[in-house]
2 protein chains.
Amino acid sequence: MIPHLVIEATSPDGLARAGLLVTPHGSVRTPAFLPVGTLASVKSVTPEQLEEVGVEMLLCNAYHLSLRPGSALVRELGGLHAFMGWKGPILTDSGGFQVFSLAAIRRVTDEGVEFRSHIDGSRHFLGPREAIAIQQDLGADVIMVLDECPPHGAPKEDLRSAVNRSVHWARRCREAHRDGEQALFGIVQGGSDLALREECATELSGMGFDGYAIGGVSVGEEKKLIREVVSHTAPRLPFDRPRYLMGVGSPGEMVAAIAAGIDFFDCVLPTRNGRNGLAFTSEGPVRIRGAAHVRDDRPLDVSCACPVCRKYSRAYLRHLAHSGELLAGTLLSMHNIRFFQDLVGRARGAVSEGGLGELLKWCDERYPLEKPDRSRSAP
Amino acid sequence: MIPHLVIEATSPDGLARAGLLVTPHGSVRTPAFLPVGTLASVKSVTPEQLEEVGVEMLLCNAYHLSLRPGSALVRELGGLHAFMGWKGPILTDSGGFQVFSLAAIRRVTDEGVEFRSHIDGSRHFLGPREAIAIQQDLGADVIMVLDECPPHGAPKEDLRSAVNRSVHWARRCREAHRDGEQALFGIVQGGSDLALREECATELSGMGFDGYAIGGVSVGEEKKLIREVVSHTAPRLPFDRPRYLMGVGSPGEMVAAIAAGIDFFDCVLPTRNGRNGLAFTSEGPVRIRGAAHVRDDRPLDVSCACPVCRKYSRAYLRHLAHSGELLAGTLLSMHNIRFFQDLVGRARGAVSEGGLGELLKWCDERYPLEKPDRSRSAP
């Protein structure tokens, strides 16, 4: 069975939807947020703890895993699910983004990318066929085509050539993919150029992917621009297929994207910020290391029912973070992931009632737009 | 109710015992191993995970907690149990060992120690009265007298003066302690000098403590010397009171000490080694980062029933440790703690059957004596 979306409710304007992604590893309620487990581990959080905070699906990274421990080894050990002990669905990113942002690139051609590993400088080649082979070895439920992801601020001709190449690679990936249990998603590129985005979306839609992603956002641009790109692009993707906004994001960006018809998100924010002592709460961000929390016996968020808020005071969490105790990262990551799960859960409920506008306002009041994020994926 | 020991079984030679420490926070089966939660957190392991691997009682450190976040603050927040979310019994070390090993000491007199914090250089004074006041604020079930802990290899006159001072401070602590819910343990010093150990044990026994500890071992001396000191000292302490060997230790040292009549242990080995990629197994130590484990799909220890061994392969743990993933520290710490719990559990069962000699042989074959440990407490 190929993972597919069952739409259960739509918003009054017909754009947003709520439903289920049905996969061989169980169903995921959508809209859904996927925590990032780059190297087959969500940093400092066990699979059991992920379940406790409501996670249904994870993202892992094909680029990172292909370098360490190697995708053939993961296959030999039974695939990603068995390897990392996660029973639910998994999505793997193809590695395009990481090759273009982390590796030392030697040459990009229509065949693929020659690059040197960011770990040990060893030489590798990643083309559409390799991207599919690696992801088939890993065995995630949803895999992604290889794409070229230009940096924010790239000139128009670079955006154009990245779109051309991404479309070409997408077609090659589609041809190379032979697996009745894995969904393959195409990735729309085009930067902040709406015409290019539209063209790319149309091209990919014609290839009949199992789902579609919007890539190349949240790479340093203004948040307003993310919303513009997403609201322009999402409705141009096939309505009956799952839609995934890669590397997003912050609360407002997620809700705005849900309103535009996005179903899936992944982002390192809850875990990276958690390890850095920043908590997402219903009253806005809380920097737990601050002296204000020294004797504060309230939970991180009074309106949160996560295991961390049910048990620990801000004073204790502040003490842990202040003292450099590793448990701080675990507990704040757990709380933050739950915050993201609760948020997409609220959005899910708001879809059919037309309540997404109000939820977006709630987010924007607490998590203002001012600062651009560079939140996509892990370094 | 003052925490007290109920002896349920003794070994054929009458030296070793198995029983229960009964405390206001529940009972602990003895012999017992206490993981170290220096700063009110067992590094990288949650209280729920500690329960999962069979922990019944923890150690926290009064010196560290008095500097960060401060004992008055912990009291204000309901005491250590509430603060850190651990429902079972807790023991706090007085801070003597840490003051003598970590702080910059300005002056030691019979009144106490003037020292500078190892964190920020701030000035502090710790005397018997302060040690008791701090530990009453923290509110552990078992607290320790202030002792002077001379370094390994200290000359005889230093050992002598440390014993004199420790006895003097112990008496002051006994007088200062007013709490019907906390047990106060005396600490025997004397280095490797058996006559001094004996003298100190006799002096302290006369003061009627709720329990007795052997301190100043596992500070860099040969393991054989630890066994000699413990087997000489333990039987000279009141039989009906709990006995605690501080900062020990490795598997053989624990079992040898149990055979000599020790009931309690604490040690950083399972957690510190876990974070460093070393696992304790029934076949001896396993360095998980080693290339031998790259494709090893067996658990860390086939004969272990801990949540880590039930779920993860050596290959996965090796991948995590090799990639610097924090989860490696969590999972290896959990497994190692369970190994220590299982070991004291086996010792408990072996007491009445006279099986400790065989268990000691089992340990010494797997964890040879050659290397001295410096395992006591956290830095």
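Here are some numbered notes on the fold of chain A, its contact with chain B, and one helix pair in chain B.

1. First, a caveat: this is a predicted model. Please read everything below with that in mind.

2. Overall build. Chain A comes out with 15 helices and 16 strands. Its C-alpha trace spans about 60 × 50 × 40 Å along the principal axes. A compact globule of 379 residues would have a radius of gyration near 21 Å, and the 20 Å of chain A agrees with that. Of those 379 residues, 58% count as buried. Looking at contacts with a separation of 6 or more, 69% are made by residues 24 or more positions apart.

3. The main thing to find on screen is an open sheet of 8 strands in chain A, with parallel pairing. Read across, the order is β4-β14-β13-β12-β11-β10-β6-β5. The edges are β4 (32-35) and β5 (58-61) of chain A; each has a single partner strand, so one side of each lacks a neighbour in the sheet. On average, neighbouring strands here are turned by 25 degrees against each other, direction ignored.

4. Start at the β4 edge. β4(A) pairs with β14 (residues 264-267) of chain A over 4 bridges, in the parallel sense. If you want a residue pair to click on, A:Pro35 has A:Cys267 in β14(A) as its bridge partner.

5. Now the other edge. β5(A) and β6(A) are parallel and share 4 bridges, with A:Leu59 standing opposite A:Leu91 in β6(A). Moving inward, β6(A) is joined to β10 (residues 142-144) of chain A by 2 bridges, again parallel. There, A:Thr92 is partnered by A:Ile143 in β10(A).

6. β6 (residues 90-93) of chain A deserves a closer look. Which way do its side chains point? A:Ile90 and A:Thr92 go one way, while A:Leu91 and A:Asp93 go the other. That fits the general pattern, in which side chains of a regular strand alternate between the two faces of the sheet. All four of these β6(A) residues are buried, A:Asp93 included.

7. Helices around chain A. α8 (residues 194-205) of chain A lies across β11 (183-188) and β12 (211-214), running at about 155 degrees to β11(A). α6 (residues 128-138) of chain A is largely enclosed by the rest of the structure, because 9 of its 11 residues are buried. The buried set includes A:Glu130 and A:Asp137 alongside A:Ile132, A:Ile134 and A:Leu138. Just after α6(A) comes A:Gly139, with a positive phi of about 80 degrees.

8. A lysine to check. A:Lys223 sits in α9 (residues 223-233) of chain A. Is A:Lys223 buried or exposed? It is buried, with 23 other C-beta atoms within 10 Å; the cut-off for buried is 20 or more. A:Gly190 is 33 residues away from A:Lys223 in sequence and 16 Å away in space, C-alpha to C-alpha.

9. There is also an open sheet of 3 strands in chain A, ordered β1-β2-β3 and antiparallel. Its edge strands are β1 (4-10) and β3 (26-30), each pairing on one side only. Neighbouring strands are turned by 20 degrees on average, direction ignored. β2 (residues 17-23) of chain A is joined to β3(A) by 5 bridges, and A:Leu21 stands opposite A:Val28 in β3(A). α14(A) packs on this sheet, touching β1, β2 and β3, with its direction at about 125 degrees to that of β2(A).

10. The chain A/chain B contact. 29 residues of chain A are in contact with 29 residues of chain B. On the chain A side, α3 (71-76), α4 (79-84), α13 (314-322) and α14 (326-353) each supply at least two residues. By class, the chain A side has 13 nonpolar, 9 polar and 7 charged residues. Note that α14(A) turns up twice: it packs on the β1-β2-β3 sheet and contributes to the side that touches chain B.

11. Finally, a helix pair in chain B. α7 (residues 156-176) and α8 (residues 194-205) of chain B pack at about 10 degrees with axes 10 Å apart, which makes α7(B) roughly parallel to α8(B). Among the residues that meet are B:Leu159, B:Arg160 and B:Val163 from α7(B), and B:Leu196, B:Glu199 and B:Glu203 from α8(B). The contact has 7 nonpolar, 1 polar and 3 charged residues.

Technical notes:
Residues numbered from 1 in each chain as written. Chains lettered and ligands numbered in written order. Predicted model: local features only at pLDDT ≥ 70, side-chain atom pairs only at ≥ 80, totals over all residues. Rg over C-alpha atoms; globule rule 2.2 N^0.38 Å. Buried ≥ 20, exposed ≤ 12 C-beta atoms within 10 Å, placed from the backbone. Contact = placed C-beta atoms within 7 Å. Nonpolar A, V, L, I, M, F, W, Y, C, P; charged D, E, K, R; others polar. Pairing = 2+ DSSP bridges. Axes fitted to C-alpha atoms, helices over the stretch in contact; angles between N-to-C directions. Parallel < 35°, antiparallel > 145°, perpendicular 65-115°, else oblique.
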